[in-house]
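Open your viewer and get the selection tool ready. We will take this one stop at a time.

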Amino acid sequence: MGENNFSISGDDKTVDQALRPDSWSDYVGQEKVKENLKVIMEAAKRRSEAMDHLLFCGPAGLGKTTLAYLVAKEFNAPVKVTSGPALEKAGDIAAILTNLEGGEVLFIDEAHRMNRLIEEVLYPAMESRKLHLIVGKGPSARTLTLDLPPFTLVAATTRENLLSGPFRSRFGATFRLTYYSADNIKTIINRSAKILGVGFHPEAIEILARASRATPRIANRLLKRARDYSQVNGVGIVDAEMAFKTLELLDIDNRGLEPHDRRLLKIIIDKFNGGPVGINTLAAALNEDKGVIEDIYEPYLMSLGFLQRSSAGRLVMPAAYEHLKIKRRGEIF
Ligand code: ADP
């Protein structure tokens, strides 16, 4: 296939790094986000300032981390990476902030999982590049203020609504990433296939793209598994049959639904007559965390038009019945 015979060996992590776009032209889709970012970056460059703090929101695997690296690259800035759950005490974030180099990008993933103590250290750091440290205890405690170098905080979250208002308001710009079009996913798969040096029949790409949940990370994951499968079977090129077989092995259907998605829809249909059912009742019936349902399961099902959220609760839509081949009540085939 293709002109690029460069082949990657090694573990998944190395492969993932190789697949991550490191130029704007390789970053497919999200045109509006890219366009706006470029304006902000250009303006900051002309003023010779560090970039404003940025917030990237959207479901996992849509390219938030990749964007953070691309922004840093644009400024030739190093990136320091941490995440909400990794920051427990005020001292954790203070240590990171005091070690920042001028212009550095600090990337905080899963920012909604940061506690208030950390946020409170970040407020003055983001606003006026000050770090207030409390030294000592009791009546002799005093606040020490340190100046920080210019830096850009890039935060990513899958749950924007869980961020506090004051924290959100300290970002210069907020970008919401959306699911990718089928064409964009196909472009991503084609690019990744070239990097991995694997041949894919166009039909196989079509099948994997449709099952990718409109998400680049999942597209790449399916591609890697299809490659494994073809290698194990000693076949040089992944065809439609092999793509279907890969999905079957992973228990993923042709629209990318996984067992937990089908279970969610079936429980609403079987136990709650198709809905509407309140999220708390649904979480109890599924024995699943409400946040996981809202955060991971529902967005894609809604994007397919399989599920609707209303004030009365969750409702399974006709398209889902059709997909699952389940008759609606009173429906005559
Ligand atoms: P997030 O931080 O939103 O969870 P990542 O930035 O880690 O997502 O993206 C996951 C993977 O998906 C990346 O390593 C990259 O290979 C691929 N990817 C994400 N966005 C794009 C894109 N716009 N174009 C091409 N590949 C992408």
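Start in the loop between α11 (259-272) and α12 (279-286), and select Pro 276 there. Remember as you look that this is a predicted model. Add Gly 275 to the selection: a cis peptide bond joins Gly 275 and Pro 276. Its omega is about 5°. Why pause here? Most peptide bonds are trans.

Next, go to the loop between α10 (240-250) and α11, and select Asp 251. Asp 251 is not a glycine, yet its phi is positive, about 60°. Most residues other than glycine have a negative phi.

**The domains**

Now colour the chain by domain. Which ranges do you need? Use 30-176 for domain 1, 180-250 for domain 2 and 259-324 for domain 3. Look at domain 1 and domain 3 together: their C-alpha centres lie 34 Å apart.

**The ligand**

Select the ligand next. The space it takes is the largest pocket. Where does the ligand lie relative to the domains? Domain 1 and domain 2 both give residues to the shell around the ligand, so the ligand lies between these two domains.

Show the shell: 18 residues surround the ligand. Val 28, Gly 61, Lys 64, Thr 65 and Thr 66 come nearest. What kinds of residues make up the shell? There are 9 nonpolar, 5 polar and 4 charged ones. Now highlight two helices, α3 (64-74) and α9 (216-232). Each supplies at least two residues of the shell.

**Three contacts to check**

Zoom in on the ligand and try these selections in turn.

- Val 28: a backbone N or O atom of this residue is 2.8 Å from a nitrogen atom of the ligand.
- Asn 220: a polar atom in its side chain lies 3.1 Å from an oxygen atom of the ligand.
- Arg 20: an N or O atom of its side chain is 3.3 Å from an oxygen atom of the ligand.

Finally, turn on the surface. How much of the ligand does the protein bury? Taken alone, the ligand exposes 560 Å², and the protein buries 95% of that.

Note on methods
Residues numbered from 1 in each chain as written. Predicted model: local features only at pLDDT ≥ 70, side-chain atom pairs only at ≥ 80, totals over all residues. Heavy atoms only, no water. Near = heavy atom within 4 Å. Polar contact = N/O pair within 3.5 Å; in protein donor to acceptor, adjacent residues only side chain to side chain. Areas by Shrake-Rupley, 256 points an atom, 1.4 Å probe, with all protein chains shown as cover. 1 Å grid on protein atoms, 1.4 Å probe; cavity = no way out; pocket = protein on both sides within 12 Å on 5 of 7 lines; lining within 4 Å. Sits in = over half its atoms within 2 Å of the grid points. Helix = DSSP H or I, 4+ residues; strand = E, 2+ residues; numbered from the N terminus. Nonpolar A, V, L, I, M, F, W, Y, C, P; charged D, E, K, R; others polar. Domains from an automatic or database assignment.
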